[in-house]
Amino acid sequence: MKVPIQLAWWLAIASPMFEASSAFYEGQTLVVLVFESESQYFRDLGEQAPSSLQLISCVYNSCESLHDEVCRRVVAVVGQPHDISVLQRECFSRLQLVQSSSYMHAQLTDVPPHLTVATYQPDWHHVYGVEPIAEFILAAVFQWNYGLQAKAAQFAKCAWGSDAPSKCPAVSTMTRHNTLMGQTLGVLGYGNIGSSVARRASALGMRVIATRRHGPFSPLPPGLHWLSDDNDKLLKEADFVVTTVPGSVAGIINKTSLGLMRASAVLIPVSAPHADFDALYEALLRREIGGAVLDVWPHGCWHFPDMACGPPYGAEAEPYATKPIQSLDNVLPLPGMAMRDNRFWVESATWVASNLEALLRGSPLRGIVRNGTNSTTTMWL
């Protein structure tokens with residue numbers, strides 16, 4: 001009988017001899033440590049993972065006190081430990097797989113070489129990924145123009161109470177906002193993502209302009225006002241600049257290009273290498289551009305593809321540590337939301353569960369970043 005997964009963490013520590021299933025390796029239940037704090041992900045994984053495994057939730061470093069007897073039965077780690085040094089514990093004698101729940105993974109230098117490292121690798125170009133990224137970009141544009149949560153907080157604070165509405169600002173202050181209709185959205189890098197963004201923005205009444213490196217530039221794709229290879233022209237005209245060039249293109253947003261943007265323009269990069277963050281910080285600080293929605297980061301625990309989440313903590317693990325860009329009032333800092341929606345995490349759990357099954361059977365794993373030096377094909381089931 002499989003024990004409810006919400007009890008697994010407490011039982012593993014309080015009762016070292018607890019057995020979660022009837023399948024054993026050398027008479028012992030095999031264990032997977034799950035470093036995903038969201039209970040829904042843990043449930044989804046628990047419903048699909050092999051019943052021969054005991055899943056233990058390791059939220060907020062709770063597995064630091066894991067009993068050595070349980071530790072010796074761990075064969076896989078799922079997710080990103082906030083203390084990556086946990087993988088160095090000598091009792092992890094059977095640990096073979098460090099499985100990321102996302103498309104990012106721990107820095108390989110932080111993972112002992114005998115361990116295999118794998119990620120969840122969705123086919124975002126063809127199956128699912130381009131459309132939610134495009135939707136996220138439009139959500140960012142809506143948020144920037146409307147700021148509904150801030151407007152609601154301001155209204156709720158002043159419009160109720162014994163002195164209401166004496167402390168409310170003028171109605172024009174509380175209600176004024178821009179609309180997408182008539183604004184210009186510039187897509188710098190018109191490809192799969194760019195065309196999806198352009199289609200949505202045009203349907204909402206935005207004037208959409210776009211660039212790409214090579215033609216043909218005509219006939220003009222539906223929804224575009226113009227398409228060319230003139231990035232400078234795009235930067236000068238756009239109210240929102242969205243960079244959708246390949247992630248390998250570095251520094252396309254730099255001091256020079258920022259200087260071409262309108263003083264009210266907002267930058268939305270879809271990949272961190274696109275932007276020189278030092279130059280971006282200075283432009284934002286000096287109000288040379290209107291703002292930035294930053295959902296991608298060049299450093300630390302939010303760096304793609306390899307993360308450094310600590311230890312050491314603090315600056316080494318921060319998304320961008322050089323300047324306090326997150327504290328600027330014209331920046332919307334976000335934790336990598338584009339594409340990682342509910343469907344992403346549901347399908348991640350399915351992918352990870354299939355890899356755990358493959359590990360037990362000695363079958364090929366998917367999404368391998370690095371093979372461990374002592375990989376085995378032992379049949380555990």
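Colleague: I'd like to start with two helices. How do α2 and α11 lie relative to each other?

Modeller: A good place to begin, and please keep in mind that this is a predicted model. α2 and α11 are oblique to each other. To read such a pair, look at the angle between the axes: values from 35 up to 65 degrees fall between roughly parallel and roughly perpendicular, so they count as oblique. Here the axes of α2 and α11 cross at roughly 40° and come within 9 Å.

Colleague: And what is the handedness of the crossing of α2 and α11?

Modeller: The crossing is right-handed. On the α2 side, the contact is made by Tyr41, Asp44, Leu45 and Gln48. On the α11 side, Trp345, Val346, Ser348, Ala349, Thr350, Val352, Ala353 and Leu356 take part. Sorted by class, the contact of α2 with α11 has eight nonpolar, three polar and one charged residues.

Colleague: Which residues of helix α2 are buried, and what do they pack against?

Modeller: Helix α2 spans residues 39-48, and its buried residues are Tyr41, Phe42, Asp44, Leu45 and Gly46. Besides α11, these buried residues pack against the strands β1 (30-35), β2 (53-57) and β3 (74-79).

Colleague: Ser348 was in that contact. Is Ser348 buried or exposed?

Modeller: The idea is to check the relative accessible area, where buried means under 20%. Ser348 has a relative accessible area of 0%, so Ser348 is buried. You will find Ser348 in helix α11, residues 342-361. Leaving aside residues up to four places away in sequence, Ser348 touches Tyr41, Ser101 and Tyr120.

Colleague: Let's turn to the cysteines. How many disulfides are there?

Modeller: A disulfide is recognised when two cysteine sulfur atoms lie within 2.5 Å of each other. By this rule the structure has four disulfides. If you number the bonded cysteines in sequence order, the pairing reads 1-2, 3-4, 5-6, 7-8.

Colleague: What is the handedness of the disulfide of Cys58 and Cys63?

Modeller: For that, look at the torsion about the S-S bond. For Cys58 and Cys63 the torsion is about -75°, so this disulfide is left-handed. The sulfur atoms are 1.9 Å apart, and both Cys58 and Cys63 are buried.

Colleague: Where in the chain are Cys71 and Cys91, the next pair to look at?

Modeller: The sulfur atoms of Cys71 and Cys91 are 1.8 Å apart, and with 75° about the S-S bond the link is right-handed. This pair connects distant parts of the chain, 20 residues apart: Cys71 sits in helix α3 (residues 68-71), and Cys91 in the loop between β3 and β4 (97-99). Both Cys71 and Cys91 are buried.

Colleague: What about Cys158 and Cys168: what is the handedness of their link?

Modeller: The link of Cys158 and Cys168 is right-handed, with 95° about the S-S bond. This pair also joins distant parts of the chain, with Cys158 in helix α5 (residues 148-158) and Cys168 in the loop between α5 and α6 (171-175), 10 residues apart. Cys158 is buried because its relative accessibility is 6%, and Cys168 is buried with a relative accessible area of 18%.

Colleague: Now the backbone. Where are the cis peptide bonds?

Modeller: Most peptide bonds are trans, so a cis bond catches the eye. A cis peptide bond joins Ser218 and Pro219, with omega about 0°. Pro219 belongs to the loop between β8 (207-211) and β9 (226-228). Another cis bond joins Pro311 and Pro312, again with omega about 0°, and Pro312 is in the loop between β13 (306-307) and β14 (331-333).

Colleague: Which residues have a positive phi although they are not glycines?

Modeller: Most residues other than glycine have a negative phi. Here Arg287 has a positive phi of about 60°, and Met339 one of about 80°. Arg287 lies in the loop between α10 (277-285) and β12 (291-294), whereas Met339 is in the loop between β14 and α11.

Colleague: Is Met339 buried or exposed?

Modeller: Met339 is buried, with a relative accessible area of 6%. Arg287, by contrast, is partly exposed at 47%.

How values were computed
Residues are numbered from 1 along each chain as its sequence is written. This is a predicted model: local features need pLDDT of at least 70, side-chain atom pairs count only at pLDDT 80 or more; totals for chains, interfaces and linings use all residues. Side-chain values use heavy atoms; hydrogens and water are left out. Helices (H or I, at least four residues) and strands (E, at least two) are DSSP runs, numbered from the N terminus. Buried means under 20% relative accessible area, exposed over 50%, partly exposed in between (1.4 Å probe, protein chains only). Contact means heavy atoms within 4.5 Å. Axes are lines fitted to C-alpha atoms, for helices over the stretch in contact, and angles run from 0 to 180 degrees between N-to-C directions. Angles under 35 degrees count as roughly parallel, over 145 as roughly antiparallel, 65 to 115 as roughly perpendicular and the rest as oblique. A crossing is left-handed if the near helix is turned anticlockwise from the far one by less than a right angle, and right-handed if clockwise. Ala, Val, Leu, Ile, Met, Phe, Trp, Tyr, Cys and Pro count as nonpolar, Asp, Glu, Lys and Arg as charged, and the others, Gly among them, as polar.
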